[in-house]
Amino acid sequence: MGGYGSGRDGWKPKAEKAKRIDVRYMRKRGFLNDGCQFTLSWSKGEESVGYINARTVDRTVILNYRVKPYWEDEWTDIEECVPIEWTPCNFGGKRPWLNCPRCSRRVEVLYGVGKRFLCRHCYNVTYSSQCETVMDRLLRRSRKIRRRLD
């Protein structure tokens with residue numbers, strides 16, 4: 001029993017496993033333009049695991065989705081408004097940010113761990129690399145070098 005990778009994953013939710021809304025993705029596809037309607041979806045392999053309908057109105061992304069926590073029998077419709085803030089860049093242009101609906105923190109990514117989409121600080125989300133031991137880090141680095149050489 002035991003061995004590498006057989007331990008617990010930790011009690012905090014991981015960013016890599018959570019549904020996420022990324023402002024950089026939306027900007028690249030032109031979804032931040034006023035009046036734009038779009039759908040964001042997530043999949044695991046070939047299987048779809050969720051989607052959200054959204055629209056952009058007056059520097060705000062309005063998310064429309066349904067959730068059903070495992071302890072409840074009924075689906076709940078949620079409409080959530082996420083403000084977009086634009087800041088100037090040093091060498092010209094503007095950068096978009098999402099304001100967390102709970103704490104108003106300026107972030108690039110919101111995570112869907114619970115009923116709402118909030119920043120990683122509100123949900124206490126960590127990255128998998130933050131939970132690694134020294135041996136795990138060494139093994140990950142050696143695998144990365146092997147991939148580069150192959």
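**A friendly note on the predicted model**

1. A good place to begin is the open sheet, whose six strands run in the order S2-S3-S4-S5-S6-S7 with antiparallel pairing. Its edge strands are S2, covering 37-44, and S7, covering 106-107, and each of these pairs on one side only. Please keep in mind as you read that this is a predicted model.

2. Next, look inside the sheet at strand S4, residues 60-67, and strand S5, residues 76-88. These two strands pair in the antiparallel sense, and eight bridges join them. Two pairs of residues can help you find the register. Val67 stands opposite Thr76 in S5, while Val61 has Val82 of S5 as its bridge partner.

3. On to the pairing of S5 with strand S6, residues 94-99. This pairing is also antiparallel and runs over five bridges. To locate it on screen, you could pick Thr87, whose bridge partner in S6 is Arg95. S5 and S6 form a hairpin, with five residues lying between the two strands. One residue to look at in the turn is Gly92, which has a positive phi of about 100°.

4. Strand S1 deserves a visit too. It spans residues 19-22, and Ile21 has its place there. Is Ile21 buried or exposed? Its relative accessibility is 2%, and since buried means under 20%, Ile21 counts as buried. For a sense of distance, take Ser129, which is 108 residues from Ile21 along the chain: the C-alpha atoms of the two are separated by 21 Å.

5. Now turn to helix H3, residues 134-149, where Arg148 lies. Arg148 has 63% relative accessibility, and because the cut-off for exposed is over 50%, this residue counts as exposed. Which residues form the positive surface patch with Arg148? They are Arg143, Lys144, Arg146 and Arg147.

6. Helix H3 also holds Met135. With a relative accessibility of 53%, Met135 counts as exposed, because this value passes the same cut-off of over 50%. Met135 belongs to a nonpolar surface patch, made together with Val134 and Leu138, of about 310 Å².

7. As a short route for a second look, start from the edge strand S2, follow the order of the sheet to S7, and pause at Gly92 in the turn between S5 and S6. Then compare Ile21, which counts as buried, with Arg148, which counts as exposed.

Definitions and conventions:
Residues numbered from 1 in each chain as written. Predicted model: local features only at pLDDT ≥ 70, side-chain atom pairs only at ≥ 80, totals over all residues. Heavy atoms only, no water. Pairing = 2+ DSSP bridges. Helix = DSSP H or I, 4+ residues; strand = E, 2+ residues; numbered from the N terminus. Patch = residues over 30% accessible without salt bridge, like charges linked within 9 Å, V, L, I, M, F, W, Y side chains within 5 Å. Areas by Shrake-Rupley, 256 points an atom, 1.4 Å probe, with all protein chains shown as cover. Salt bridge = Lys/Arg side-chain N within 4 Å of Asp/Glu carboxyl O. Lys, Arg positive; Asp, Glu negative; His and termini not counted. Charge placed at Lys NZ, Arg CZ, Asp CG, Glu CD. Buried < 20%, exposed > 50% of the residue type's maximum accessible area, 1.4 Å probe, protein only.
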